[in-house]
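Welcome! Here are a few short exercises to help you find your way around a new structure. Keep the viewer open and work through each solution at your own pace.

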Amino acid sequence: MQTSGLLCVLLIWTRLSSSLPSGNGSESGGDTTPLLLVSFDGFRADYLKHYTFPNLEKFFSSGLLVHELTNVFTTKTFPNHYSLVTGLYAESHGILASMMYDPATKKNFSIQNDSDPFWWNRAKPIWVSVEEAGYRAASAMWPGSDVNIQNHTLEYSFRYNSRVSFSERLGNLTQWMTENRAVKFAALYWEEPDRSGHLYGPENTKEMRRVLSEVDDLVGLLMEQLNTTGLWGKINVIITSDHGMTQCSEDRLIVLDKCVSPDSYRLVDLTPVAAIIPLKDNVTVYTNLSGCHSHMKVYLKDTLPDRLHYKNNERTQPIILVADEGWTIVKHGSLPRLGDHGYDNTLPSMHPFLAAHGPAFRPGYTMLSLNSVDLYPLMCHLIGIPPMPNNGSFARVRCVLAHEQCSELALAVGAVIGVLIILTTFTCLFRLMKNRDVSSARPFARLELDEDDDDEPLLE
Ligand SMILES: [Zn+2]
């Protein structure tokens, strides 16, 4: 009994210590290796399967590749870029779409009119937390990073200008990352392949091959620049995107004017997710829209599925229309774009990918999928700052880190130890009970009878 008890304690201790993170865990302040976060807008996950990316493959071959990121609804640029840096769903951070209206203040938001802190203040992006922790942060065109958010303006940032080249954006960041009081977090945004995806449609393989080759060249430029500045291999680099892209067609139009009177509602946002405010007769507007088209779902705000994480915000309008994949909602007229995104975030075509390289990442590690909100707690861990409350989970991403014990061997050993613990615990308990009951009223006569025999029948 004493030997078994000792074995029990030893095994339980072994199991507990093997389940703990072996590195510096998720505590803050331990690791200040700089982090560079790069977004190539509209980089659909399966482009990786259909086109060649010699530079990108070189980048993740010794690092991490996540084939698909499940991003947030709406699968638009601003909501998803803000989710990546806050770990929040759109209903929580408040950047719900490219076009918004706030009924209380009567303010309007668009991607051309985005600098009012009012829209952004509900969340604290990672660059603000980094600077509040005493480090410096920088951004080149990341959506929202040129806005004063929660009374914090990022000194190292640009006002958005699409004419500034990738090379210039990157050059500024690497300079800031190699200065005396170096930047610990930098974010870099690039408009392609989104721009070409909209213009040509993702099924135009000739044009997409051309632009994706250019994007791959930019990844090559990035690695070269990091090499030249001595940062390659020393900093952690994440390359990802906000959403994918799908093909649209003139044959897949949903024309609102055919269903509902144009002066009976206000249109806040149009396609593929339309935000509608009925002006007079709410029931008629809703009824007319509900029967409008078999490829358009119509929701009253409260009936939006919970999984979209979209209804709990006052900027979510009373009626939301969601087009099926590849369908375009118009008031009237023709198809505005050959490619689009913004659709349901369960659609694979809406998903981007993620790749990473640097000392923190497990070399050659691949994952099939990850939630984009999980990136935020991972980045906070990498920089060594405490995360703000968020919808992500560090536990779901910790295995991408080199210092975490998540290898298949470790898992197999853990499983064997677990089985041993269970068997030993049972053995301990039985022996304990037997010893206690030797001088008792013998309620377990069978136990006494079988005392010298194998205990096996008791396990039946
Ligand atoms: Zn985008």
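**Exercise 1.** In this predicted model, find the loop that holds Pro272 and describe the peptide bond before this proline.

*Solution.* Begin with strand 11 (265-269) and strand 12 (273-278): Pro272 sits in the loop between them. Now look at the bond that joins Thr271 to Pro272; it is cis, with omega about 0 degrees.

**Exercise 2.** Which residue is joined to Pro193 by a cis peptide bond?

*Solution.* Go to the loop between strand 7 (183-190) and helix 8 (194-200), where Pro193 is placed. The partner is Glu192, and omega for this cis bond is about 10 degrees. As background, most peptide bonds are trans.

**Exercise 3.** Is Gln150 buried, partly exposed or exposed?

*Solution.* First locate Gln150 in the loop between strand 5 (136-140) and strand 6 (156-157). Its relative accessible area is 29%. Buried means under 20% and exposed means over 50%, so Gln150 counts as partly exposed. Gln150 also has a positive phi of about 50 degrees, although it is not a glycine.

**Exercise 4.** Where does the largest nonpolar core lie with respect to domain 1 and domain 2?

*Solution.* Start with the core itself: it has 62 residues, and Trp120, Trp127 and Phe185 are among those with the most contacts inside it. Next, see that helix 11 (residues 375-383) gives the largest share, seven residues. Finally, domain 1 (35-88 + 123-246 + 344-400) and domain 2 (253-340) both contribute residues, so this core lies between them.

How values were computed. Residues numbered from 1 in each chain as written. Predicted model: local features only at pLDDT ≥ 70, side-chain atom pairs only at ≥ 80, totals over all residues. Heavy atoms only, no water. Core = buried A, V, L, I, M, F, W, Y, C linked by side-chain atoms within 4.5 Å. Buried < 20%, exposed > 50% of the residue type's maximum accessible area, 1.4 Å probe, protein only. Helix = DSSP H or I, 4+ residues; strand = E, 2+ residues; numbered from the N terminus. Domains from an automatic or database assignment.
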